[in-house]
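Okay, everyone, thanks for coming. Let me put the model up on the screen, and then we'll walk through it together.

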Amino acid sequence: MAKHWYVVHTYAGYENKVKNDLQHRIETYGLEDQIVDIQIPTEEVVKIKNDGKRTSVEANAFPGYVLVRMEVDDNSWAVVRNTNGVTGFVGIEGKPTPLRRSEFNKMMRRANPTTPEAPQRTVETEFEVGMTVRVVRGPLEKFEGKITEVMTDAGKVKVSLTIFGRETPVELTMDQIEIIV
């Protein structure tokens, strides 16, 4: 029988635990020839804190999913299905459906930023529309206003400031503002 990639659904946040537990179960049941690889697709995420500092972290590209390359029979199916944290296989009517090679490649490209077809890194920030902020750098320092738009990819926000008695929209970088608590 041929080995194919299958998508296993897990509880979100349990992907690494499922991978470790499954590797242990494979060894315990002697299924190393049937279940040959386990992957958790990840991607680099840039987080921008409310003080404007950027940090890069590795995050699951598909939370709640683990990819398993295996030959499906009753034994291998039971070992994977009965691993703590696994809720089932992705498939039709409860039957595991193998990924096409193109689907697997697409999922792993997203997870590998060095691959040319990979999308740009995801950017996350704590800033949200409606938050009250104070400008801490630049010519508008000490002005306060409300965020009207967050442009995470550009690392900028639009803030409505009152300048000379008028509401004025201003585009600022995220490191120029801080949240007023």
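Let's start with a pair of residues facing each other across two strands: Val8 stands opposite Val66 in β5. Before I go on, please keep in mind that this is a predicted model. The strands here are β1 and β5 (residues 65-70), and they pair in the antiparallel sense over 6 bridges.

Now zoom out a bit. Which strands make up the open sheet that has β1 in it? There are 4 of them, in the order β2-β5-β1-β6, and the pairing is antiparallel. At the edges you find β2 (35-39) and β6 (86-89), each with a single partner strand, so one side of each is left without a neighbour in the sheet. From one strand to the next, the twist averages 30 degrees.

Okay, helix time. Look at α1, which covers residues 15-29. Here's a nice check you can do yourselves: at 1.5 Å a residue, its 15 residues should span 21 Å, and the end C-alpha atoms are 21 Å apart, which agrees. Which residues of α1 are buried? They are Glu15, Val18, Leu22, Arg25 and Ile26. These cover an arc of only 105 degrees around the axis, which puts them on the same side of α1. If you wonder how that spacing works, an α-helix has 3.6 residues a turn, so residues three or four places apart point the same way. Turn α1 around, and the face away from its buried side carries the exposed residues Asn16, His24, Glu27 and Thr28.

Next, aromatic rings. A search of the whole structure finds 3 aromatic pairs. I'll show you two. Trp5 and Phe104 are stacked, with 4.3 Å centre to centre and 15 degrees between the planes. Why is this one fun? Trp5 lies in strand β1 (residues 4-10) and Phe104 in helix α3 (residues 101-111), so the pair ties together parts that are 99 residues apart in sequence. Are these two buried or exposed? Trp5 counts as buried, at 7% relative accessibility, and Phe104 is buried as well, with a relative accessible area of 10%.

The other pair I picked is Tyr11 with Tyr14. Their ring centres are 5.9 Å apart and the planes sit at 70 degrees, so the pair is edge-to-face; the cut-off for that label is over 60 degrees. Tyr11 counts as partly exposed at 49% relative accessibility, and Tyr14 is partly exposed too, with 40%.

Let's move along the chain to the other sheet I want to show. Here 5 strands form an open sheet in the order β13-β12-β11-β10-β14, with antiparallel pairing. Its edge strands are β13 and β14 (177-179), and each of those pairs on one side only. Neighbouring strands are turned by 40 degrees against each other on average, direction ignored.

We can step through this sheet pair by pair. β10 and β11 run antiparallel and are joined by 3 bridges, and Val133 stands opposite Gly145 in β11. From β11 to β12 there are 6 bridges, again antiparallel, with Met151 opposite Lys156 in β12. β11 and β12 form a hairpin with 4 residues between them, and Gly155 in the turn has a positive phi of about 70 degrees. Then β12 and β13 are joined by 8 bridges and run antiparallel; there, the bridge partner of Thr162 is Glu167 in β13.

Speaking of phi: most residues other than glycine have a negative phi. So where do we find positive values here? Lys142 has a positive phi of about 80 degrees although it is not a glycine. Lys142 is found in the loop between β10 (132-135) and β11 (144-151), and it counts as exposed at 67% relative accessibility. Phe164 also has a positive phi, near 55 degrees. You'll find Phe164 in the loop between β12 (156-163) and β13 (166-173), and this aromatic residue counts as exposed, at 84% relative accessibility.

One last thing, from the database. UniProt lists residues 126-153 as "domain: KOW", in an unreviewed entry. Over those residues the chain is 0% helix and 43% strand, and the end C-alpha atoms are 13 Å apart.

That's my tour, thanks for listening!

Definitions and conventions
Residues numbered from 1 in each chain as written. Predicted model: local features only at pLDDT ≥ 70, side-chain atom pairs only at ≥ 80, totals over all residues. Heavy atoms only, no water. UniProt positions renumbered as here; feature names shortened; annotations may be inferred. Phe/Tyr/Trp six-rings, centres within 6.5 Å; stacked < 30°, edge-to-face > 60°. Buried < 20%, exposed > 50% of the residue type's maximum accessible area, 1.4 Å probe, protein only. Pairing = 2+ DSSP bridges. Axes fitted to C-alpha atoms, helices over the stretch in contact; angles between N-to-C directions. Expected span 1.5 Å × (residues − 1). Arc of directions from axis to C-beta.
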